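The exercises below ask you to read packing, strand pairing and domain contacts from a set of coordinates. Work through each task with the structure open before you turn to its solution.

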Amino acid sequence: MPALALLMLGAPYAALALLMLGSILQATSWIRARGFTGYANPPLALAAGGGIRWFAERLAFNGLDHDRRLAAGARMLHWSLLLTMAFHLDLALGWSAAMSVEQRSLIAAALGIPAGSMALVGLALLVWRRLRPGELVSPICGRRIVIFSHTSLTVIPFDALLAALIATGIALDALYGSRALALASSLATSILSLRPDAAAASLPLLDVHVLLACALVASLPWGPLRHFESYLAVPDMGQVGP
Amino acid sequence: MSSPRAAPKKAGPGLTSSVRSLAGLMGAERSARDAMREAYRRDRNVRLALDLCTGCGACLAWCPAYVSTGDQLNSPLGRISAARSLLRGIISPDDAYRASWLCLTCGACSSACPFGLDVPGVSRAIRAALLESGSAPEFVSNRVVEQAAASGGSGFGAEPLRALVRGIAAEIFEEKGLAVDPKVDERAEALLLVPSDDLVLNVDTLKGYMAVLGRLGVDFAFSHRALAENYGLFLHPAIMRRLADGVASAAEELGVKYVIVGECGHAWRVATGYLSSRLKESGIGIMHIFHIVSAALRRNELELHADANGDLVYEYRDPCQYSRGGGLVEEPREILRRAVRNYIEPSLSGTRTVCCGAGGGNLAPELLPLTLEHARLWYDAALRDGADAVVWPRATCKAHVSRALRALNPGSGRNVGPHGAGLPRAWTMRWTPPSSQGWPGMTLINRRTAG
């Protein structure tokens, strides 16, 4: 069996294992660290954080409106990624299995390409904002201030990985349409049923897309992208020490 | 703009040693890096902040310290970066000192953060780590030593306190015809916890507490060992707990059912974050004086005479430690709306409030130029709002706002006035005896316990 096929067979499971291990270690470290209060008790965390509304406002990125580049970039990237994730889950779980492949691929092209493109534009906007700090008006006084970001070197490779993943996804959609969809669905189903079929990823670019996805999933809890886990954790502003 | 190198003056070896001993750090000094590593392991908010901050900078436009100075180290991102560098041992002690001690700990950054990360908690953790390695500011250290002395009974003596409150009671009788019989170090239903500033500088505020509690028939006492302020919050959690435990012991000795906290922001923060849990073990409740007054107003047990406060336009400005983390937002407004004829809401209120400029231990005299720069932010906002008087009911805010207005009014040609007490000067005409069941309708703050 070729090395790439072997990799294709093992990579999804290795990625999921790393995701689970990292998430468990992360959650354990957060729970073990003490506070007088905190998210270890989810209902209290919700109350402390302002309830469901707090989460909804976070998802809407309402608090970022004073910084147009940040707000636009964050909305475009995160909303598009959520839509794309739902679409990928559908590939594996077959929610829309009742539809024909043609119908599904039409929807994928109609939604997937715009969503992927919007995610890329959002990501580019956020990276541009990090690399080229600008000025904005402070909402507390109307003065213009310089906005800077502490961009560590670790952020850039993750952003590059995400960009490559999205770009290959768009290319697959645009170049192969229903064929890519059928193969990807078959591959996702085979992985979930623990009978991985590497041949399903024989389409050019699909294997690259899958491997990039595995790399991203594996890295989620270990790098800056773990900020998505913050939805599990509400820091309590009433806390005054360990 | 003040010097970007401004920093609070450091305490000498003797004072630092005293403070370290109060924190229980008797042994050999530990490196700040090791202490910070322990904080990272043990303190959930610190861990979350350092794990999750992506450095997006959403906080910057809301941080009064950064907005007024443009100093990157003196910003939320500067503090997160300093803490991470401290964990790796690659930051100079001076930079870590400036990044943490110039923080106003106001929490504006946390309200703006998409993840709600507790940057003030990170600043406090760096400060505690620096103390463990032998570094602390002189101003805060002196306050801590004084507060520890008071807690040990050698601060404000029982007799002077008794004489003071008797004198205040006599003034109340003269002005209002109301007899108040305050107790000192005697058993009572409630312990009134006031900041020392209210005993010395803001005596009108003290008069307000005593008059209202007396009018409501509350059986309250002072303890010469229990003052509200707790600078341990700014310096080291062990000192914070030690001072708060002193209050709890005094409350237990007096056999009270309730502790009433006066106008002190960090005392209220410690009350909600720690003391309430500690007192709960002894079955003692805790509330703010505003809870009592607003409940009495709702039940028509007090009536305020707004006319006595003239035609000025009053603006309530939320002290950070009340509104962010303290949950005290509506009650003071409820009181003030009834206490004045012309009330306006500030353009930024509640959790979006702007710090007075001297929070978090920044009241030190050597930081005055810097804190006046910070104060200009709310001062300009108050002018834009059209306020004649700003009401800022917290001891530190009152102290800074008074001096800031003296400095800023001449430049604007306005005469904005400070009003500390949410408790108005003119009160009561209608009076209903309190229920024998206690004080129905009041909010008891009983913090949930550790998760």
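B:S151 counts as buried because it has 23 C-beta neighbours inside 10 Å, where buried stands for 20 or more other C-beta atoms within 10 Å, exposed for 12 or fewer and partly exposed for what lies in between, with C-beta atoms placed from the backbone. The model is a predicted one, in which local features need pLDDT of at least 70 and side-chain atom pairs count only at pLDDT 80 or more, while totals for chains, interfaces and linings use all residues. Residues are numbered from 1 along each chain as its sequence is written, and chains are lettered from A and ligands numbered from 1 in the order in which they are written.

**Exercise 1.** Locate B:S151 in its element and find which residues it touches, leaving aside those up to four places away in sequence.

Solution. Begin with the secondary structure, for which helices (H or I, at least four residues) and strands (E, at least two) are DSSP runs numbered from the N terminus. B:S151 belongs to helix α9 of chain B, which covers residues 138-151. Next come the contacts, defined by C-beta atoms, placed from the backbone, that lie within 7 Å; by this rule B:S151 touches B:R225, B:L243 and B:G246. As a last step, compare sequence with space: B:A244 is 93 residues away from B:S151 along the sequence, yet their C-alpha atoms are 9.0 Å apart.

**Exercise 2.** Determine the strand order of the open sheet of 5 strands in chain B, and then describe the surroundings of β4(B).

Solution. Strands are taken as paired if DSSP finds at least two bridges between them. The order is β1-β3-β2-β4-β5, with parallel pairing, and the edge strands, each pairing on one side only, are β1 (183-184) and β5 of chain B. At the β1 edge, 2 bridges join β1(B) to the parallel strand β3 (residues 220-222), and B:V184 has B:F222 as its bridge partner there.

Now turn to β4(B), which spans residues 258-261. On one side, strand β2 (residues 190-193) of chain B pairs with β4(B) in the parallel sense over 4 bridges, and B:L191 stands opposite B:V259. A further parallel pairing over 4 bridges links β4(B) to strand β5 (residues 285-288), where B:I260 has B:M287 as its bridge partner.

The side chains can be sorted next. In a regular strand the side chains alternate between the two faces of the sheet. In β4(B), B:Y258 and B:I260 point one way and B:V259 and B:V261 the other way, and all of these residues are buried.

The final step is the connection: β4(B), helix α15 (residues 265-280) and β5(B) form a right-handed β-α-β unit, right-handed being the case in which, with the strands pointing away from the viewer, the path from the first strand over the helix to the second runs clockwise.

**Exercise 3.** Characterise the contact between domain 2 and domain 3 of chain B from the side of domain 2.

Solution. The domain bounds, which come from an automatic or database domain assignment, are 30-133 for domain 1, 152-298 for domain 2 and 306-419 for domain 3. The centres of domain 2 and domain 3, taken over C-alpha atoms, are separated by 23 Å. The contact takes 20 residues from domain 2 and 22 residues from domain 3. On the domain 2 side, the elements that give two or more residues are α11 (196-200), α15 and α16 (289-298) of chain B. The residues on that side divide into 8 nonpolar, 7 polar and 5 charged, with Ala, Val, Leu, Ile, Met, Phe, Trp, Tyr, Cys and Pro counted as nonpolar, Asp, Glu, Lys and Arg as charged, and the others, Gly among them, as polar.

**Exercise 4.** Place the two residues A:L194 and B:D185, and examine their phi angles.

Solution. Most residues other than glycine have a negative phi, and most peptide bonds are trans. For A:L194, phi is near 60 degrees, a positive value; the residue lies in the loop between α7 (178-192) and α8 (206-219) of chain A, and it counts as exposed because it has 7 C-beta neighbours inside 10 Å. For B:D185, phi is near 55 degrees, also a positive value; this residue sits in the loop between β1 and β2 of chain B, and it is partly exposed, with 18 other C-beta atoms within 10 Å.

Methods. Two residues are in contact if their C-beta atoms, placed from the backbone, lie within 7 Å.
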